[in-house]
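I opened my notebook to look at one protein model, a step at a time. Here is what I looked up.

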Amino acid sequence: MKTQATLLIGAAVLAVTSCDTKNYTEEDRVRVTTNLENYVDSVENAVQFVPVHNWEKIDERYDSLDDRAEKVYNDLKAEDDNLEMIEERYETMVKNAKTESENFERTAEMHMNNVETWWDKTTADVEKGTKNTAEDIEDATQESLDWLEKNFDKLGDETKKKYEEISMKLNKD
């Protein structure tokens with residue numbers, strides 16, 4: 001009985017491992033390379049329009065596609081120069097996009113701080129009878145408000161919330 005169970009388990013393990021071993025074709029190599037290139041292209045296009053991304057998810061998907069491509073290349077014993085070029089392109093693009101994202105976040109924070117500082121200063125003047133309206137905004141503050149409005153969809157949630165609160169109060173007064 002033990003021998004029979006051992007043989008059955010051994011056969012199951014052999015069947016599972018033999019299913020993992022696949023002889024890939026040149027068509028598979030082209031397909032995985034194209035999939036990887038298309039993914040890098042799509043990420044590259046996305047970062048041009050929206051500077052803030054979930055890099056963990058993006059990297060996870062890239063790694064999955066890259067691992068699959070490497071399996072196929074290794075199985076075919078093919079040169080992986082093409083994969084290396086795609087990887088270099090991806091890493092450069094991610095590095096640049098993260099830098100761009102950090103710059104965007106700093107700029108958004110600077111503009112939001114400018115607006116908040118102006119708002120705090122002018123609301124403190126309320127006791128003197130000053131009214132806070134859109135007409136009273138200083139040029140630099142208006143520039144910050146315009147920038148925040150223009151880039152609203154790209155802002156982080158906290159900055160969006162702050163901007164909406166101040167805009168609502170400005171338009172209400």
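**Entry 1: T159.** I began with T159, which lies in helix 6. Helices here are DSSP runs of H or I with at least four residues, strands are runs of E with at least two, and both are numbered from the N terminus. Is T159 buried or exposed? I found T159 to be buried, since its relative accessibility is 17%; buried means under 20% relative accessible area, exposed means over 50%, and partly exposed is in between (1.4 Å probe, protein chains only). I then listed its contacts, meaning heavy atoms within 4.5 Å. Without the neighbours within four places in sequence, T159 touches M112 and L148.

**Entry 2: ground rules.** I noted that this is a predicted model, where local features need pLDDT of at least 70 and side-chain atom pairs count only at pLDDT 80 or more, while totals for chains, interfaces and linings use all residues. Residues are numbered from 1 along each chain as its sequence is written, and side-chain values use heavy atoms, leaving out hydrogens and water.

**Entry 3: confidence.** I looked up pLDDT, the predictor's confidence in each residue, from 0 to 100. The protein chain averages 79, and 78% of its residues score at least 70. For residues 1–8 the pLDDT is below 50, and this stretch has zero contacts beyond near neighbours in sequence. Residues 10–19 also have pLDDT below 50, again with zero contacts beyond near neighbours in sequence. A reminder to myself: where pLDDT is low, the predicted coordinates should not be read in detail.

**Entry 4: the whole chain.** I counted six helices and zero strands in the protein chain. Of its 173 residues, 28% count as buried. I also checked contacts between residues at least 6 apart in sequence: 72% of them join residues at least 24 apart.

**Entry 5: helix 3.** How does the span of helix 3 agree with what its 22 residues should give? At 1.5 Å a residue (times one less than the number of residues), I expected 32 Å, and the end C-alpha atoms are 31 Å apart, which agrees. Its buried residues include W55, I58, L65 and V72. Down the helix axis, the buried residues fall within an arc of 125 degrees, so they line one face; the arc is taken from the directions from the axis to the C-beta atoms. The face turned away from the buried side carries the exposed residues E56, K57, K71 and N74. After helix 3 comes K77, whose phi is positive, near 55 degrees.

**Entry 6: aromatic pairs.** I found three aromatic pairs in the structure. Rings of Phe, Tyr and Trp (its six-membered ring) pair if their centres lie within 6.5 Å; planes under 30 degrees apart are stacked, over 60 edge-to-face, and the rest tilted. Y62 and Y90 are stacked, at 3.8 Å centre to centre and 5 degrees between the planes. This pair links Y62 in helix 3 with Y90 in helix 4, 28 residues apart. Both Y62 and Y90 are buried. F152 and Y163 have ring centres 5.8 Å apart and planes at 50 degrees, so that pair is tilted.

**Entry 7: I86.** My last stop was I86, in helix 4. I86 counts as buried, at 4% relative accessibility. Which residues does I86 contact, leaving aside neighbours within four places in sequence? I listed T33, L36, E37, V40 and Y62. The C-alpha atoms of I86 and E37 are 6.6 Å apart, although 49 residues separate them along the chain.
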